[in-house]
Amino acid sequence: MENRNAVIIKTSIIGIATNVLLAIFKAVVGLLANSIAVVLDAINNLSDAMSSIITIVGTKLAGKSPDKKHPLGYGRVEYLSATLISFIVLYAGIASLRESIKAIISPSKPDYSTLTLVIIIVGVVTKIILGKYVKGVGVKMNSASLINSGEDATLDSIISASTLVAAVIYLVFHISLEAYLGAVISLIIIKSAIEMLRDSLSDILGERVASDLSKKVKKVINSFDDIYGSYDLVLNSYGPNHYIGSVHIEVVDSMQVDELDELSRKVAAKVYDETGVILTGIGVYALNTKDNEIAKMRTDITHLVMAHKGVLQVHGFYVNKEEKRIQLDVIFDFSIDRDHLYKHIYKDIEDAYPGYTIVMKLDSDVSD
């Protein structure tokens, strides 16, 4: 984690230095050339530098050690910093749109020079390289803030390229598209900001855990010979690469408590070593092995339930013949009318096994 934070901070410092230099050059050139598009591009570079500063601050805060008030650490601060960056980009886009509209209403002719065009070209190339580098590091380090900054830099290269096109059009055809281009640039910035904001807010709300991670965790758990299935895996994110969760494992009903205790400890240790996920709770489903009739009931009821459209999985099956009770958990697809399907399945089991109490629990499809 310390190495990850150091890489993020180093990348952000590179972004700050690059964007500040570009902003200075573009602002000077834009003012000398009387180009609103170039000036707006310079302002956008400053907002990018601010985004990198926020990334550094957010990374520092997220790296704080857990304390009594926040025992699970401050990792979620990174989601807040990504959200703040999105708002900054959104504000920059709205401000740019306002200035562009003013320029459309009261137009002025630009005055391009060879130096202006050279600096714009340098800006395009620099932003392409910076965007690819920052986003690449962001993906590798699983940093939403860096990914947002990298995408914004790539977008800036397109904006700068369009500014260059407008300059060429003006020099060749003497048609000024500066203000209109500024408006288009502003709308692109606003759209990008909204998309970034949507993604960062989704992280804060709590997204479904990545399929490759949940499958890897279950694969590790199911690698133990004494475990016949893993279910109800719930992983809560407390920052990038910081997952804490729980799971149910299915073991035979003859397993002793001391054996189960040792098994659960081994499972938690192996899952952490191979995935970095901390399992704080490992529940148990007992697999009936002492009664062939119950084994047949399990097979028949599983087939009966899975025959319904919208059922994803049946697990946690257990029968108590003395109390005449059948227990099972069922996972439904989110797109299905859960109440209607639940009643339908419940009645089918009740009709197939009259006299039994049916305890059927609806589980959420929270992980693959």
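Leaving aside residues up to four places away in sequence, which residues does Leu155 touch? The legends below start with that residue and then visit other parts of this predicted model.

**Figure 1. A close-up of Leu155 in helix α5.** The answer to the opening question is Ile188, Ile189 and Ser192, once residues up to four places away in sequence are set aside. Leu155 belongs to α5, the helix that covers residues 144–173. Its relative accessible area is 13%, and buried means under 20%, so Leu155 counts as buried. For a sense of distance, look for Val319: Leu155 and Val319 are 164 residues apart in sequence, and their C-alpha atoms are 60 Å apart in space.

**Figure 2. Helix α4 from end to end.** This helix has 28 residues, numbered 114–141. From its first C-alpha to its last it reaches 40 Å, close to the 40 Å expected at 1.5 Å a residue. Many names could be labelled here; the buried residues of α4 include Thr116, Ile120, Val124, Lys127, Leu130 and Met141. Just after the helix comes Asn142, with a positive phi of about 55 degrees.

**Figure 3. Ser214 in helix α7.** Find α7 at residues 211–222, and Ser214 within it. With a relative accessibility of 0%, Ser214 counts as buried. A polar atom of the Ser214 side chain lies 3.1 Å from the backbone oxygen of Ser211. Apart from neighbours within four places in sequence, Ser214 is in contact with Val209, Leu233, Ser367 and Asp368.

**Figure 4. The two faces of helix α9.** Helix α9 runs through 15 residues, 292–306, and should span 21 Å at 1.5 Å a residue; its end C-alpha atoms are 21 Å apart, which agrees. Which residues of α9 are buried? They are Ile294, Met297, Ile301 and Val305. Seen down the axis of α9, these buried residues fall within an arc of 55 degrees, so they line one face of the helix. Here is a handy rule to keep in mind: an α-helix has 3.6 residues a turn, so residues three or four places apart point the same way. On the face of α9 turned away from the buried side, you will find the exposed residues Asn292, Lys296 and His303. At the N-terminal end, Asp291 acts as a cap, with a side-chain oxygen 2.8 Å from the backbone nitrogen of Glu293.

**Figure 5. The neighbours of helix α9.** The buried residues of α9 pack against two strands, β4 (311–320) and β5 (325–332), and against helix α10 (338–352). How do we describe a pair of helices? Two packed helices are described by the angle between their axes and the distance between the axes. For α9 and α10, the angle is about 150 degrees and the axes are 10 Å apart. The contact is made by Ile301, Leu304 and Val305 from α9, together with Ile345, Asp348, Ile349 and Ala352 from α10. The crossing of α9 past α10 is right-handed.

**Figure 6. Asp363 in strand β6.** Strand β6 covers residues 357–363, and Asp363 is part of it. Is Asp363 buried or exposed? Its relative accessibility is 7%, so Asp363 counts as buried. The side chain of Asp363 makes a polar contact with the side chain of His315, at 3.0 Å. Not counting residues up to four places away in sequence, Asp363 touches several residues, among them Asp232, Tyr285, Asp329 and Arg338.

Note on methods: Residues numbered from 1 in each chain as written. Predicted model: local features only at pLDDT ≥ 70, side-chain atom pairs only at ≥ 80, totals over all residues. Heavy atoms only, no water. Helix = DSSP H or I, 4+ residues; strand = E, 2+ residues; numbered from the N terminus. Expected span 1.5 Å × (residues − 1). Buried < 20%, exposed > 50% of the residue type's maximum accessible area, 1.4 Å probe, protein only. Arc of directions from axis to C-beta. Contact = heavy atoms within 4.5 Å. Polar contact = N/O pair within 3.5 Å; in protein donor to acceptor, adjacent residues only side chain to side chain. Axes fitted to C-alpha atoms, helices over the stretch in contact; angles between N-to-C directions. Left-handed = near helix turned anticlockwise from the far one by under 90°.
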